[in-house]
Every structure is written in structure tokens, then in C-alpha cells.
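Here are a few short exercises to work through with the model open beside you. Try each task before you read its solution.

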Amino acid sequence: MDVLHKLLKLCADKKSAIGYGFLTILTAGGQQLFSLVVFQCPCTEHNLMYGCVFLFAPAVVLMLISYFLNSRTWKFVTGCCLNPKKMCPNGYRCFGLHVFLQLLLNSLIVPAMWISIALLHGTFYTCAMSAWQNEEFVQHLCRNKSEQCQTQLYKVTCGKATMPAYESQEVVLVLQAQSQVLGWCLIAVLASISLLCTCWSSCYSKVSSIQMSFWKIYTEKEKDKFDQLAQEYANKLAERNLRSFFENKEPTAFELPNNKAWEKISALYTFNADHQYYSTLHKFVEHGDENFSGKEVMMDFVDAQV
């Protein structure tokens, strides 16, 4: 399970070429599996609903899974019902909305890839649109075709229409071509938006690219060391409690951070140019409970490592 979680985190890294490669392979493989094993176009008036469900329902599921696997989600929502001010630290009312939009954009990466690959394959779209009862759309597909085309259009994907076979094949090819054009258009739009967002983020970056590289290395090392020390201290605490129980004696003193300290280092990271630190843990170690004045901005890659 730990290996799977690390693989999914690698795939979810939107700035990693390797992550994109894994993401594309997994999405394409899942879509192909759905098409070959699960998907069976009913060739009835229900084609539209059936095709749309297979096109969009997995995308919704993948979006929810992306939310679930994003560590920033749990940093953001944990305890917010008991302490709503956590969503608006230092009086920044737009902080919560900003974080929510970032989480939403990150969670849309995998669903967008699913829809793009499904459109390029064309199976779901062809099934769905063969039952779309739009007069102009039906007339466009059945132009210069036999009369049965308009009444039996939903049967062409199964080859059960009474119209000539070559006409059915032409309709299917047109639908597949439309699907692929939409797929490439969606990919082009998403790539353009991704490029613009990356450029915009870099243009307004508060730190240099070299410092950013060091920062990412630090957050990865902090996460690794945190896991190691947490495991070590948990083992020591468990051993201390068990020895106290079995040996029937008072437990020795064992210092651990209090609840307030855990709460402080669990907050989402914000950058302050006057008081620079590389994580919420780094800030707590250096400054404790001290709050800083001045504008603070978010850097989501810091929280994504934890």
C-alpha cells in the first residue's frame, strides 16, 4: 500500500515529466480496459446517457481520489469545523478560497487526461452522440444517406441499422473524427492553460529559481527525516509504555510536543519575505508561536511534500 501511495504521489506531481508519463500510461490503460471489458453500447435511445456516464463518471471519481490523496486537502480541512479561523489566518479572508481553487486545479489534472484520452479513442463519444436527437446534428450526419439513417442512427455503433453498411461506417467515422478533434482541442487548451499558469507563477515568484530548487530538496529531506524520527519516537514511546505495563512500575519521563505545537506545524505554509523559513516546521523551530506582520503568500509545493 505504501508503494502504491508513493507511485500515485509521483504521478500526481504536475511538474514532473516522469509523473506525466506514468499518469498518461495509467489513464490510457484504464480507459482501454473500460472500453474492452466494461463498456457495451446498448444501441438504444439510452446511448446518450450511457456514453456520457462512461465519459464523465470516471473523471469525477478520479477528481475525488485526487482530492483524497492530496495532503494539502487534509491540512486545510482538519479541525476547520472547530476552528473556522484556520481557513483565514491573519485575517486573510480570501485565503480559504485561494487554497480551495488550488486544490481544485490540481485535482482536475487526472480527470482532464481521462476525458482527453477517451475522446481520442472515440468509443464513448460515438455511442453517446449516436442517440443525440438534435435535428441539425442528425441532418448533418445523415446528409446524402438513406431514409433509415435518421430513425436508426443509434444503432450504427453496433452495426444493427438496416441502412447500407457503408453508410453506417461513414456515420461512425464522422463521429469518431468529431471525438478526436474535440480531444486534441481539449489537450491544446489544457496545455496552453498549464503553460500560462506556470509562466504567471514564475513571473510573480518571490524567490529565484536556484533557491526554489534548494527549497524543494529541503522539503523532500524534511519529509524523509520526519518519517524516520516519527517512527523512531513512536517505537520508543510504545516500548516505554509496554515496559511500564508489564514490569508494573512508573513510566519514565518522555518529552513530546504538545497539541498546540502539532497544530502549528500542521498549518498550511505561507511565505513572508521579511521572515524567511522553508516550512511550517522550520518556522515553529525558529520562532515558536510568534506571528508576523506583512503580506504572506502561499507556495503549494511546500505542503505537497508532507
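**Exercise 1: Two helices in contact**

Task: In this predicted model, find which residues of α3 meet which residues of α5, and classify how the two helices are oriented.

Solution: Start with the contacts. From α3, the residues M63, S66 and Y67 meet F100, L103, L104 and S107 of α5. Next, take the geometry: α3 and helix α5 (residues 95-107) pack at an angle of about 125 degrees, and their axes are 9 Å apart. Roughly perpendicular ends at 115 degrees and roughly antiparallel begins over 145, so α3 and α5 are oblique to each other. Finally, the handedness: α3 and α5 make a right-handed crossing.

**Exercise 2: A ring pair within one helix**

Task: Classify the aromatic pair of Y50 and F54, and decide whether each residue is buried, partly exposed or exposed.

Solution: First, the setting. A search of the whole structure gives 13 aromatic pairs. One of them joins Y50 and F54, with 4.8 Å centre to centre and 45 degrees between the planes. Stacked needs under 30 degrees and edge-to-face over 60, so this pair is tilted. Both residues belong to helix α3 (residues 47-69), four residues apart, about one turn of the helix. Now the surface: Y50 has a relative accessible area of 23% and is therefore partly exposed, while F54, at 12%, is buried. To widen the view, F39, Y50, F54, W114 and F124 form one aromatic cluster.

**Exercise 3: A charge and a ring**

Task: Which ring does the charged end of K236 sit over?

Solution: Look at Y233: the charged end of K236 sits over its ring, 5.4 Å from the centre.

Key: Residues are numbered from 1 along each chain as its sequence is written. This is a predicted model: local features need pLDDT of at least 70, side-chain atom pairs count only at pLDDT 80 or more; totals for chains, interfaces and linings use all residues. Side-chain values use heavy atoms; hydrogens and water are left out. Rings of Phe, Tyr and Trp (its six-membered ring) pair if their centres lie within 6.5 Å; planes under 30 degrees apart count as stacked, over 60 as edge-to-face and the rest as tilted. Buried means under 20% relative accessible area, exposed over 50%, partly exposed in between (1.4 Å probe, protein chains only). A charge sits over a ring if NZ of Lys or CZ of Arg is within 6 Å of the ring centre and within 35 degrees of the ring normal. Axes are lines fitted to C-alpha atoms, for helices over the stretch in contact, and angles run from 0 to 180 degrees between N-to-C directions. Angles under 35 degrees count as roughly parallel, over 145 as roughly antiparallel, 65 to 115 as roughly perpendicular and the rest as oblique. A crossing is left-handed if the near helix is turned anticlockwise from the far one by less than a right angle, and right-handed if clockwise. Contact means heavy atoms within 4.5 Å.
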